[in-house]
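Hi,

Here is the structure I promised to pass on to you. Have a look at it first, and then read my notes below.

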Amino acid sequence: MTLSRREFVKWMAASSGAAAVAGCAGLGGPSAGRVVVVGGGYGGATAARYIKQWAPDIDVAVVERNDTFVSCPISNLVLGGNTQIGNITMGYDGLKARGVRVVRGDAVAVDASAKQVRLADGSSLAYDRVIVSPGIDFIYDQIPGMKSADAQNRVFHAWKAGPQTVALRKQLEAMPDGGVFVFQFPMAPYRCPPGPYERVCQVADYFKRAKPKSKIIVLDANPDIVSKKGLFLAAWNGMYKGMIDYRPNSELADVDVKGMTVKLTFDNVKGDVLNVVPPHRAGDIASKAGLITANQRWCGIDWLTMESVAVKGVHVLGDATLSAPAMPKSASMANQHAKVCAAAVTALIKGQPVNPQPMMMNTCYSFVDGRNVMHVASVHTYDAAQKTMVAVKGAGGVSDKASELEGTYAWGWARNIWGDALG
Amino acid sequence: MRPTLVRAGCVAVLLAGCAATPAWAQDPGIARSLAATCTACHGTDGRSVGGVPPSLAGRDKGELLQTMKDFKTGKRPATVMHQHAKGYSDEQLELISNYFAGVKPGAAAAAPAARVNN
(Lines give C-alpha, C1' and ligand atoms only; values in the text may rest on other atoms or scores of the structure.)
Protein backbone atom coordinates (compact mmCIF):
# COMPACT_ATOMS: atom_id res chain seq x y z
CA MET A 1 0.00 0.00 0.00
CA THR A 2 1.21 3.45 -0.81
CA LEU A 3 0.34 6.26 1.53
CA SER A 4 -0.89 9.57 0.28
CA ARG A 5 0.37 12.68 1.98
CA ARG A 6 -2.96 13.15 3.75
CA GLU A 7 -2.90 9.59 5.05
CA PHE A 8 0.64 10.12 6.23
CA VAL A 9 -0.27 13.24 8.19
CA LYS A 10 -3.13 11.32 9.76
CA TRP A 11 -0.75 8.54 10.69
CA MET A 12 1.68 10.95 12.28
CA ALA A 13 -1.17 12.26 14.43
CA ALA A 14 -2.38 8.80 15.38
CA SER A 15 0.91 7.04 15.74
CA SER A 16 1.56 7.76 19.39
CA GLY A 17 -1.60 5.81 20.14
CA ALA A 18 -0.49 2.99 17.89
CA ALA A 19 2.84 2.87 19.63
CA ALA A 20 1.13 2.54 23.00
CA VAL A 21 -0.88 -0.43 21.76
CA ALA A 22 2.04 -2.17 20.10
CA GLY A 23 4.70 -1.24 22.59
CA CYS A 24 5.95 -2.49 25.92
CA ALA A 25 4.01 -1.80 29.10
CA GLY A 26 4.81 1.59 30.50
CA LEU A 27 5.85 2.97 27.15
CA GLY A 28 2.47 4.46 26.25
CA GLY A 29 1.80 8.13 25.95
CA PRO A 30 3.14 10.57 23.46
CA SER A 31 5.63 9.70 20.77
CA ALA A 32 9.22 9.89 21.99
CA GLY A 33 10.39 11.18 18.61
CA ARG A 34 10.24 10.80 14.89
CA VAL A 35 12.78 9.00 12.72
CA VAL A 36 12.64 9.02 8.93
CA VAL A 37 14.71 6.42 7.11
CA VAL A 38 15.58 7.13 3.48
CA GLY A 39 15.99 3.82 1.66
CA GLY A 40 14.52 0.42 2.51
CA GLY A 41 17.45 -1.83 1.60
CA TYR A 42 19.58 -3.91 3.94
CA GLY A 43 20.67 -0.86 5.94
CA GLY A 44 17.48 1.18 6.05
CA ALA A 45 14.96 -1.61 6.58
CA THR A 46 17.06 -3.13 9.37
CA ALA A 47 17.52 0.23 11.10
CA ALA A 48 13.77 0.89 10.97
CA ARG A 49 12.93 -2.54 12.31
CA TYR A 50 15.40 -2.33 15.20
CA ILE A 51 14.42 1.16 16.28
CA LYS A 52 10.80 0.00 16.40
CA GLN A 53 11.78 -3.16 18.27
CA TRP A 54 13.98 -1.39 20.81
CA ALA A 55 11.86 1.76 21.19
CA PRO A 56 8.25 1.18 20.15
CA ASP A 57 7.41 4.72 21.24
CA ILE A 58 9.53 6.22 18.47
CA ASP A 59 7.65 6.85 15.21
CA VAL A 60 9.54 5.35 12.29
CA ALA A 61 8.87 5.96 8.60
CA VAL A 62 10.82 4.44 5.71
CA VAL A 63 10.84 6.17 2.33
CA GLU A 64 11.45 3.62 -0.44
CA ARG A 65 11.01 4.05 -4.18
CA ASN A 66 10.48 0.35 -4.96
CA ASP A 67 7.51 -1.69 -3.81
CA THR A 68 9.65 -4.77 -3.30
CA PHE A 69 13.06 -5.59 -1.84
CA VAL A 70 15.35 -7.55 -4.16
CA SER A 71 18.46 -9.00 -2.51
CA CYS A 72 21.84 -8.32 -4.09
CA PRO A 73 23.38 -11.25 -2.19
CA ILE A 74 22.31 -14.47 -3.98
CA SER A 75 21.42 -12.48 -7.13
CA ASN A 76 24.44 -13.85 -9.00
CA LEU A 77 22.71 -17.24 -8.75
CA VAL A 78 19.95 -15.87 -10.98
CA LEU A 79 22.61 -15.24 -13.65
CA GLY A 80 23.86 -18.79 -13.22
CA GLY A 81 20.34 -20.22 -13.49
CA ASN A 82 20.70 -21.58 -9.96
CA THR A 83 17.76 -19.66 -8.51
CA GLN A 84 14.93 -17.41 -9.68
CA ILE A 85 14.50 -13.70 -9.03
CA GLY A 86 11.25 -14.46 -7.18
CA ASN A 87 13.24 -16.34 -4.53
CA ILE A 88 15.20 -13.19 -3.64
CA THR A 89 12.30 -10.73 -3.85
CA MET A 90 10.40 -9.79 -0.72
CA GLY A 91 7.79 -7.31 0.49
CA TYR A 92 7.49 -4.71 3.20
CA ASP A 93 4.38 -6.10 4.94
CA GLY A 94 6.43 -7.41 7.87
CA LEU A 95 7.84 -3.97 8.61
CA LYS A 96 4.36 -2.46 8.29
CA ALA A 97 2.97 -5.04 10.72
CA ARG A 98 5.59 -3.90 13.24
CA GLY A 99 4.29 -0.36 13.08
CA VAL A 100 6.90 1.01 10.69
CA ARG A 101 5.31 3.30 8.14
CA VAL A 102 6.52 2.46 4.64
CA VAL A 103 6.10 5.42 2.32
CA ARG A 104 6.48 4.62 -1.37
CA GLY A 105 8.25 7.56 -2.94
CA ASP A 106 11.45 9.19 -4.02
CA ALA A 107 13.29 11.31 -1.45
CA VAL A 108 14.74 14.30 -3.32
CA ALA A 109 16.06 16.45 -0.46
CA VAL A 110 17.01 16.33 3.20
CA ASP A 111 16.51 19.76 4.73
CA ALA A 112 18.54 19.56 7.92
CA SER A 113 17.59 23.04 9.13
CA ALA A 114 13.85 22.46 8.76
CA LYS A 115 14.33 18.77 9.74
CA GLN A 116 12.31 17.54 6.81
CA VAL A 117 12.74 14.99 4.08
CA ARG A 118 11.14 16.14 0.84
CA LEU A 119 9.70 13.70 -1.67
CA ALA A 120 9.41 13.99 -5.45
CA ASP A 121 5.62 14.26 -5.22
CA GLY A 122 5.96 17.49 -3.22
CA SER A 123 5.12 16.00 0.16
CA SER A 124 7.50 16.13 3.10
CA LEU A 125 8.16 14.17 6.27
CA ALA A 126 9.28 15.83 9.49
CA TYR A 127 11.94 14.16 11.62
CA ASP A 128 13.93 14.51 14.79
CA ARG A 129 16.65 12.34 13.29
CA VAL A 130 16.97 11.06 9.75
CA ILE A 131 18.83 7.95 8.58
CA VAL A 132 20.03 8.01 4.98
CA SER A 133 20.71 4.55 3.57
CA PRO A 134 20.81 5.17 -0.16
CA GLY A 135 23.13 2.43 -1.37
CA ILE A 136 25.14 3.30 -4.45
CA ASP A 137 24.68 5.04 -7.75
CA PHE A 138 26.95 4.65 -10.76
CA ILE A 139 29.42 7.19 -12.16
CA TYR A 140 28.89 7.32 -15.91
CA ASP A 141 30.73 10.67 -16.43
CA GLN A 142 33.94 8.99 -17.57
CA ILE A 143 32.22 6.48 -19.89
CA PRO A 144 30.95 8.51 -22.87
CA GLY A 145 29.43 5.53 -24.65
CA MET A 146 27.35 4.58 -21.61
CA LYS A 147 25.78 7.95 -20.87
CA SER A 148 22.59 7.48 -22.89
CA ALA A 149 19.57 5.64 -21.51
CA ASP A 150 19.62 3.51 -24.65
CA ALA A 151 23.18 2.36 -23.94
CA GLN A 152 22.32 1.62 -20.32
CA ASN A 153 19.40 -0.48 -21.54
CA ARG A 154 21.67 -2.61 -23.71
CA VAL A 155 24.78 -3.05 -21.58
CA PHE A 156 23.79 -3.86 -18.03
CA HIS A 157 25.61 -3.53 -14.71
CA ALA A 158 23.24 -5.89 -12.87
CA TRP A 159 25.01 -4.60 -9.74
CA LYS A 160 21.69 -3.62 -8.16
CA ALA A 161 19.55 -6.72 -8.04
CA GLY A 162 16.26 -6.47 -9.90
CA PRO A 163 15.24 -5.90 -13.51
CA GLN A 164 18.87 -5.66 -14.67
CA THR A 165 19.65 -9.06 -13.14
CA VAL A 166 16.80 -10.61 -15.11
CA ALA A 167 17.76 -8.74 -18.28
CA LEU A 168 21.39 -9.88 -18.12
CA ARG A 169 20.26 -13.46 -17.53
CA LYS A 170 18.12 -13.23 -20.70
CA GLN A 171 21.13 -11.99 -22.69
CA LEU A 172 23.16 -14.95 -21.45
CA GLU A 173 20.34 -17.33 -22.37
CA ALA A 174 20.09 -15.80 -25.85
CA MET A 175 23.86 -15.99 -26.45
CA PRO A 176 24.85 -18.83 -28.83
CA ASP A 177 27.16 -21.60 -27.62
CA GLY A 178 30.71 -20.56 -28.42
CA GLY A 179 29.97 -16.92 -27.56
CA VAL A 180 32.09 -14.61 -25.40
CA PHE A 181 30.88 -12.97 -22.20
CA VAL A 182 32.93 -9.87 -21.32
CA PHE A 183 32.68 -8.66 -17.73
CA GLN A 184 34.38 -5.46 -16.59
CA PHE A 185 34.25 -4.06 -13.05
CA PRO A 186 35.86 -1.14 -11.21
CA MET A 187 38.67 -0.47 -8.77
CA ALA A 188 37.94 -1.06 -5.10
CA PRO A 189 36.13 0.23 -3.15
CA TYR A 190 33.02 -1.12 -4.80
CA ARG A 191 29.90 -2.91 -3.54
CA CYS A 192 30.55 -6.55 -2.52
CA PRO A 193 34.29 -7.29 -2.84
CA PRO A 194 33.91 -11.01 -3.74
CA GLY A 195 30.80 -10.36 -5.88
CA PRO A 196 32.51 -10.02 -9.28
CA TYR A 197 34.47 -13.25 -8.83
CA GLU A 198 31.34 -15.08 -7.70
CA ARG A 199 29.58 -13.76 -10.82
CA VAL A 200 32.33 -15.23 -12.99
CA CYS A 201 31.79 -18.60 -11.27
CA GLN A 202 28.02 -18.45 -11.75
CA VAL A 203 28.23 -17.61 -15.45
CA ALA A 204 30.88 -20.31 -15.89
CA ASP A 205 28.60 -22.80 -14.13
CA TYR A 206 25.81 -21.94 -16.57
CA PHE A 207 28.08 -22.11 -19.63
CA LYS A 208 29.56 -25.42 -18.52
CA ARG A 209 26.07 -26.85 -18.28
CA ALA A 210 24.38 -25.23 -21.28
CA LYS A 211 27.02 -23.68 -23.58
CA PRO A 212 30.31 -25.48 -23.05
CA LYS A 213 32.12 -23.87 -25.99
CA SER A 214 31.60 -20.37 -24.56
CA LYS A 215 34.28 -18.21 -22.93
CA ILE A 216 34.42 -15.57 -20.22
CA ILE A 217 36.80 -12.62 -20.40
CA VAL A 218 37.20 -10.95 -17.00
CA LEU A 219 38.38 -7.34 -17.18
CA ASP A 220 39.26 -6.49 -13.59
CA ALA A 221 40.31 -2.86 -13.05
CA ASN A 222 42.13 -4.02 -9.92
CA PRO A 223 45.73 -5.26 -10.03
CA ASP A 224 44.68 -8.62 -8.60
CA ILE A 225 41.69 -10.60 -7.32
CA VAL A 226 40.34 -8.49 -4.45
CA SER A 227 38.73 -11.15 -2.25
CA LYS A 228 39.12 -14.89 -1.55
CA LYS A 229 41.81 -15.10 -4.24
CA GLY A 230 43.02 -18.62 -3.56
CA LEU A 231 39.50 -20.01 -3.30
CA PHE A 232 38.33 -18.41 -6.53
CA LEU A 233 41.46 -19.47 -8.40
CA ALA A 234 40.89 -23.03 -7.19
CA ALA A 235 37.47 -22.97 -8.88
CA TRP A 236 38.68 -21.23 -12.05
CA ASN A 237 41.67 -23.57 -12.48
CA GLY A 238 39.67 -26.60 -11.43
CA MET A 239 36.01 -27.04 -12.33
CA TYR A 240 36.09 -24.16 -14.87
CA LYS A 241 39.52 -24.82 -16.37
CA GLY A 242 39.96 -23.29 -19.80
CA MET A 243 36.77 -21.22 -19.64
CA ILE A 244 38.00 -18.04 -17.94
CA ASP A 245 40.46 -15.48 -19.29
CA TYR A 246 41.30 -13.24 -16.31
CA ARG A 247 42.94 -9.90 -17.12
CA PRO A 248 43.91 -7.67 -14.17
CA ASN A 249 44.66 -3.92 -14.45
CA SER A 250 41.86 -3.63 -17.02
CA GLU A 251 40.56 -0.17 -16.25
CA LEU A 252 37.66 0.94 -18.40
CA ALA A 253 38.13 3.72 -20.96
CA ASP A 254 34.81 3.49 -22.79
CA VAL A 255 32.16 1.18 -24.13
CA ASP A 256 31.22 0.90 -27.81
CA VAL A 257 27.70 -0.38 -27.36
CA LYS A 258 26.93 -0.67 -31.07
CA GLY A 259 30.18 -2.50 -31.73
CA MET A 260 29.74 -4.63 -28.57
CA THR A 261 33.25 -3.70 -27.48
CA VAL A 262 34.72 -2.81 -24.11
CA LYS A 263 37.50 -0.28 -24.59
CA LEU A 264 40.46 -0.33 -22.25
CA THR A 265 43.41 2.06 -22.33
CA PHE A 266 45.49 -0.13 -24.65
CA ASP A 267 43.07 -2.77 -25.81
CA ASN A 268 39.59 -3.34 -27.22
CA VAL A 269 37.69 -6.42 -26.17
CA LYS A 270 34.71 -7.56 -28.21
CA GLY A 271 32.01 -9.80 -26.82
CA ASP A 272 28.61 -11.30 -27.51
CA VAL A 273 27.32 -10.21 -24.11
CA LEU A 274 28.87 -7.26 -22.26
CA ASN A 275 28.48 -6.65 -18.53
CA VAL A 276 30.02 -3.40 -17.33
CA VAL A 277 29.88 -2.29 -13.71
CA PRO A 278 30.84 1.39 -13.56
CA PRO A 279 32.58 2.91 -10.53
CA HIS A 280 30.13 3.82 -7.77
CA ARG A 281 29.48 6.60 -5.31
CA ALA A 282 26.96 7.04 -2.49
CA GLY A 283 23.38 7.13 -3.76
CA ASP A 284 22.27 10.45 -5.28
CA ILE A 285 20.30 11.67 -2.25
CA ALA A 286 23.55 11.66 -0.24
CA SER A 287 25.01 14.15 -2.67
CA LYS A 288 21.88 16.33 -2.65
CA ALA A 289 21.90 16.30 1.15
CA GLY A 290 25.54 17.44 1.33
CA LEU A 291 26.67 14.23 3.00
CA ILE A 292 29.54 13.34 0.66
CA THR A 293 32.89 14.17 2.27
CA ALA A 294 35.45 11.84 0.63
CA ASN A 295 36.66 11.82 -3.00
CA GLN A 296 33.29 13.19 -4.14
CA ARG A 297 32.01 9.67 -3.56
CA TRP A 298 31.49 8.58 0.03
CA CYS A 299 29.93 9.85 3.26
CA GLY A 300 32.17 10.31 6.29
CA ILE A 301 30.52 9.36 9.57
CA ASP A 302 31.09 9.15 13.32
CA TRP A 303 31.27 5.37 13.87
CA LEU A 304 29.82 5.59 17.38
CA THR A 305 26.52 6.93 16.08
CA MET A 306 26.74 6.63 12.27
CA GLU A 307 25.99 10.38 12.24
CA SER A 308 27.32 12.34 9.29
CA VAL A 309 30.46 14.37 9.98
CA ALA A 310 29.05 17.01 7.62
CA VAL A 311 25.40 17.44 8.67
CA LYS A 312 24.10 17.16 12.25
CA GLY A 313 21.09 14.97 12.89
CA VAL A 314 21.64 13.00 9.69
CA HIS A 315 22.92 9.41 9.97
CA VAL A 316 24.30 7.41 7.04
CA LEU A 317 24.43 3.63 6.62
CA GLY A 318 25.73 0.92 4.36
CA ASP A 319 27.59 1.11 1.09
CA ALA A 320 27.27 4.92 0.99
CA THR A 321 29.64 5.36 3.95
CA LEU A 322 33.36 6.02 3.67
CA SER A 323 34.34 2.51 4.72
CA ALA A 324 36.44 2.05 7.84
CA PRO A 325 39.77 0.23 7.32
CA ALA A 326 39.27 -3.41 6.18
CA MET A 327 35.48 -2.98 6.20
CA PRO A 328 33.72 -4.26 3.07
CA LYS A 329 30.70 -2.68 1.40
CA SER A 330 28.34 -5.59 1.97
CA ALA A 331 24.82 -6.48 3.04
CA SER A 332 26.18 -8.01 6.25
CA MET A 333 27.99 -4.80 7.06
CA ALA A 334 24.92 -2.66 6.30
CA ASN A 335 22.93 -4.87 8.68
CA GLN A 336 25.51 -4.20 11.40
CA HIS A 337 25.70 -0.48 10.65
CA ALA A 338 21.92 -0.39 11.01
CA LYS A 339 21.97 -1.87 14.50
CA VAL A 340 24.70 0.45 15.79
CA CYS A 341 22.72 3.32 14.31
CA ALA A 342 19.38 2.12 15.70
CA ALA A 343 20.86 1.87 19.21
CA ALA A 344 22.53 5.29 18.93
CA VAL A 345 19.49 7.06 17.48
CA THR A 346 17.28 5.55 20.16
CA ALA A 347 19.71 6.66 22.87
CA LEU A 348 20.10 10.16 21.44
CA ILE A 349 16.36 10.70 21.17
CA LYS A 350 15.87 9.51 24.73
CA GLY A 351 18.80 11.41 26.18
CA GLN A 352 20.65 8.22 27.13
CA PRO A 353 24.38 7.51 26.75
CA VAL A 354 25.57 6.06 23.45
CA ASN A 355 27.34 2.68 23.49
CA PRO A 356 31.06 3.57 23.63
CA GLN A 357 32.21 0.19 22.27
CA PRO A 358 30.14 -0.87 19.23
CA MET A 359 30.99 -4.16 17.53
CA MET A 360 30.23 -5.29 14.00
CA MET A 361 30.82 -8.52 12.18
CA ASN A 362 30.75 -9.55 8.58
CA THR A 363 30.13 -12.79 6.75
CA CYS A 364 30.08 -12.86 2.94
CA TYR A 365 29.30 -16.16 1.25
CA SER A 366 30.17 -16.83 -2.39
CA PHE A 367 28.69 -19.62 -4.51
CA VAL A 368 31.20 -21.25 -6.85
CA ASP A 369 28.38 -23.26 -8.47
CA GLY A 370 24.80 -24.06 -7.48
CA ARG A 371 25.70 -25.67 -4.17
CA ASN A 372 29.29 -25.19 -3.08
CA VAL A 373 30.06 -22.08 -1.10
CA MET A 374 32.93 -20.35 0.68
CA HIS A 375 33.02 -17.38 3.02
CA VAL A 376 35.10 -14.44 4.12
CA ALA A 377 34.48 -13.21 7.67
CA SER A 378 35.69 -10.36 9.87
CA VAL A 379 34.94 -8.76 13.24
CA HIS A 380 35.22 -5.01 13.80
CA THR A 381 35.43 -3.00 17.00
CA TYR A 382 35.55 0.71 17.77
CA ASP A 383 39.00 2.14 18.43
CA ALA A 384 38.65 5.25 20.55
CA ALA A 385 42.16 6.51 19.78
CA GLN A 386 41.70 6.26 16.01
CA LYS A 387 38.00 7.17 16.20
CA THR A 388 37.04 4.50 13.70
CA MET A 389 36.11 0.84 13.50
CA VAL A 390 39.10 -1.49 13.18
CA ALA A 391 39.28 -5.18 12.35
CA VAL A 392 39.93 -7.30 15.44
CA LYS A 393 43.33 -8.91 15.03
CA GLY A 394 43.29 -12.71 15.03
CA ALA A 395 39.59 -12.87 14.18
CA GLY A 396 38.03 -13.44 10.79
CA GLY A 397 39.31 -15.39 7.83
CA VAL A 398 38.16 -17.43 4.86
CA SER A 399 36.96 -20.99 4.26
CA ASP A 400 39.47 -23.78 3.83
CA LYS A 401 37.56 -24.77 0.70
CA ALA A 402 34.14 -24.36 -0.87
CA SER A 403 31.63 -26.89 0.46
CA GLU A 404 27.98 -27.91 0.33
CA LEU A 405 27.80 -27.48 4.11
CA GLU A 406 28.58 -23.79 3.70
CA GLY A 407 25.98 -23.75 0.92
CA THR A 408 23.32 -24.60 3.49
CA TYR A 409 24.72 -21.92 5.82
CA ALA A 410 24.69 -19.37 3.02
CA TRP A 411 21.00 -19.92 2.36
CA GLY A 412 20.35 -19.90 6.12
CA TRP A 413 22.25 -16.63 6.39
CA ALA A 414 20.14 -15.20 3.57
CA ARG A 415 16.82 -16.17 5.11
CA ASN A 416 17.86 -14.85 8.50
CA ILE A 417 19.29 -11.54 7.33
CA TRP A 418 16.17 -11.01 5.21
CA GLY A 419 14.03 -11.75 8.26
CA ASP A 420 16.23 -9.45 10.36
CA ALA A 421 15.42 -6.59 7.97
CA LEU A 422 11.87 -7.32 6.87
CA GLY A 423 10.38 -10.03 9.11
CA MET B 1 1.99 -11.20 20.37
CA ARG B 2 5.62 -10.93 19.35
CA PRO B 3 6.26 -7.76 21.35
CA THR B 4 5.16 -9.69 24.44
CA LEU B 5 7.73 -12.39 23.80
CA VAL B 6 10.39 -9.80 23.18
CA ARG B 7 9.46 -7.93 26.33
CA ALA B 8 9.70 -11.07 28.41
CA GLY B 9 13.12 -11.66 26.95
CA CYS B 10 14.25 -8.11 27.69
CA VAL B 11 13.20 -8.33 31.32
CA ALA B 12 14.86 -11.70 31.80
CA VAL B 13 18.06 -10.42 30.30
CA LEU B 14 17.96 -7.32 32.43
CA LEU B 15 17.74 -9.44 35.57
CA ALA B 16 20.29 -12.01 34.45
CA GLY B 17 22.58 -9.34 33.09
CA CYS B 18 22.73 -7.27 36.26
CA ALA B 19 23.68 -10.26 38.36
CA ALA B 20 26.40 -11.67 36.16
CA THR B 21 28.17 -8.85 34.36
CA PRO B 22 30.87 -6.36 35.24
CA ALA B 23 29.93 -2.78 36.02
CA TRP B 24 30.91 -1.40 32.62
CA ALA B 25 28.48 -3.68 30.88
CA GLN B 26 25.47 -3.46 33.16
CA ASP B 27 23.61 -1.32 30.66
CA PRO B 28 21.27 -3.91 29.11
CA GLY B 29 21.64 -2.05 25.84
CA ILE B 30 25.25 -3.23 25.61
CA ALA B 31 24.31 -6.92 25.77
CA ARG B 32 21.41 -6.32 23.41
CA SER B 33 23.67 -4.65 20.85
CA LEU B 34 26.35 -7.33 21.16
CA ALA B 35 23.74 -10.05 20.64
CA ALA B 36 22.37 -8.16 17.65
CA THR B 37 25.69 -8.65 15.85
CA CYS B 38 24.90 -12.41 15.80
CA THR B 39 21.37 -12.18 14.47
CA ALA B 40 22.15 -11.43 10.84
CA CYS B 41 23.06 -15.13 10.61
CA HIS B 42 21.16 -16.65 13.55
CA GLY B 43 17.87 -14.78 13.17
CA THR B 44 16.38 -11.86 15.05
CA ASP B 45 16.48 -12.51 18.81
CA GLY B 46 18.34 -15.73 18.01
CA ARG B 47 15.28 -17.34 16.42
CA SER B 48 16.55 -18.82 13.18
CA VAL B 49 14.32 -19.07 10.12
CA GLY B 50 14.56 -22.74 9.18
CA GLY B 51 16.95 -23.51 12.04
CA VAL B 52 20.22 -23.17 10.04
CA PRO B 53 22.42 -21.66 11.42
CA PRO B 54 20.93 -22.85 14.73
CA SER B 55 18.57 -20.86 16.92
CA LEU B 56 20.16 -19.36 20.04
CA ALA B 57 17.02 -18.17 21.83
CA GLY B 58 16.36 -19.81 25.16
CA ARG B 59 19.44 -22.04 25.11
CA ASP B 60 21.25 -22.72 28.37
CA LYS B 61 23.63 -19.85 29.00
CA GLY B 62 26.42 -22.10 30.24
CA GLU B 63 26.15 -24.24 27.13
CA LEU B 64 26.16 -21.20 24.86
CA LEU B 65 29.16 -19.68 26.60
CA GLN B 66 31.14 -22.92 26.60
CA THR B 67 30.35 -23.51 22.93
CA MET B 68 31.59 -20.06 21.95
CA LYS B 69 34.71 -20.42 24.12
CA ASP B 70 35.40 -23.78 22.45
CA PHE B 71 35.03 -22.15 19.04
CA LYS B 72 37.42 -19.44 20.20
CA THR B 73 40.11 -21.86 21.34
CA GLY B 74 39.62 -24.12 18.33
CA LYS B 75 38.54 -27.06 20.49
CA ARG B 76 35.27 -27.20 18.59
CA PRO B 77 35.55 -27.35 14.80
CA ALA B 78 33.57 -24.90 12.71
CA THR B 79 33.25 -23.43 9.25
CA VAL B 80 33.14 -19.81 10.40
CA MET B 81 32.31 -19.55 14.11
CA HIS B 82 35.92 -19.96 15.24
CA GLN B 83 36.76 -16.87 13.18
CA HIS B 84 33.88 -14.87 14.71
CA ALA B 85 34.34 -16.01 18.32
CA LYS B 86 37.96 -14.83 18.32
CA GLY B 87 36.71 -11.29 17.74
CA TYR B 88 34.97 -11.11 21.14
CA SER B 89 36.32 -10.98 24.69
CA ASP B 90 35.18 -13.62 27.17
CA GLU B 91 33.17 -10.91 28.93
CA GLN B 92 31.42 -10.06 25.68
CA LEU B 93 30.70 -13.74 25.00
CA GLU B 94 29.18 -13.97 28.47
CA LEU B 95 26.90 -11.02 27.83
CA ILE B 96 25.84 -12.54 24.52
CA SER B 97 25.16 -15.93 26.15
CA ASN B 98 23.12 -14.35 28.91
CA TYR B 99 21.12 -12.37 26.41
CA PHE B 100 20.11 -15.29 24.22
CA ALA B 101 19.48 -17.54 27.23
CA GLY B 102 16.96 -14.94 28.37
CA VAL B 103 15.00 -14.78 25.13
CA LYS B 104 12.03 -17.12 24.87
CA PRO B 105 12.30 -19.58 22.00
CA GLY B 106 9.61 -18.91 19.45
CA ALA B 107 8.71 -18.67 15.83
CA ALA B 108 11.27 -16.87 13.71
CA ALA B 109 10.21 -13.80 11.77
CA ALA B 110 10.79 -14.63 8.12
CA ALA B 111 10.72 -11.93 5.49
CA PRO B 112 7.36 -11.91 3.74
CA ALA B 113 7.05 -12.77 0.07
CA ALA B 114 6.48 -9.87 -2.27
CA ARG B 115 2.82 -9.23 -2.98
CA VAL B 116 1.67 -8.81 -6.51
CA ASN B 117 0.19 -5.32 -6.95
CA ASN B 118 1.63 -4.30 -3.61
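What percentage of the 423 residues of chain A count as buried? The figure is 52%, where buried means that 20 or more other C-beta atoms, placed from the backbone, lie within 10 Å of a residue's own.

Before you go on, please note that this is a predicted model, in which local features need pLDDT of at least 70, side-chain atom pairs count only at pLDDT 80 or more, and totals for chains, interfaces and linings use all residues. Residues are numbered from 1 along each chain as its sequence is written, while chains are lettered from A and ligands numbered from 1 in the order in which they are written.

Now to the inside. The largest nonpolar core (buried Ala, Val, Leu, Ile, Met, Phe, Trp, Tyr and Cys residues joined through C-beta atoms within 7 Å) has 159 residues. Helix α10 of chain A, residues 331–350, gives the most to this core, with 10 residues; helices here are DSSP runs of H or I, at least four residues, numbered from the N terminus. Domain 1 (5–137 + 281–355) and domain 2 (142–279) of chain A both contribute residues, so the core lies between them; the bounds come from an automatic or database domain assignment.

A:I51 and A:V132 have the most contacts inside this core. Leaving out residues up to four places away in sequence, A:I51 touches A:V35, A:I58, A:V60, A:A342, A:V345 and A:T346, a contact being C-beta atoms within 7 Å.

Finally, the C-alpha trace of chain A spans about 70 × 45 × 40 Å along its principal axes.

Enjoy exploring!

How values were computed. Buried ≥ 20, exposed ≤ 12 C-beta atoms within 10 Å, placed from the backbone. Helix = DSSP H or I, 4+ residues; strand = E, 2+ residues; numbered from the N terminus. Contact = placed C-beta atoms within 7 Å.
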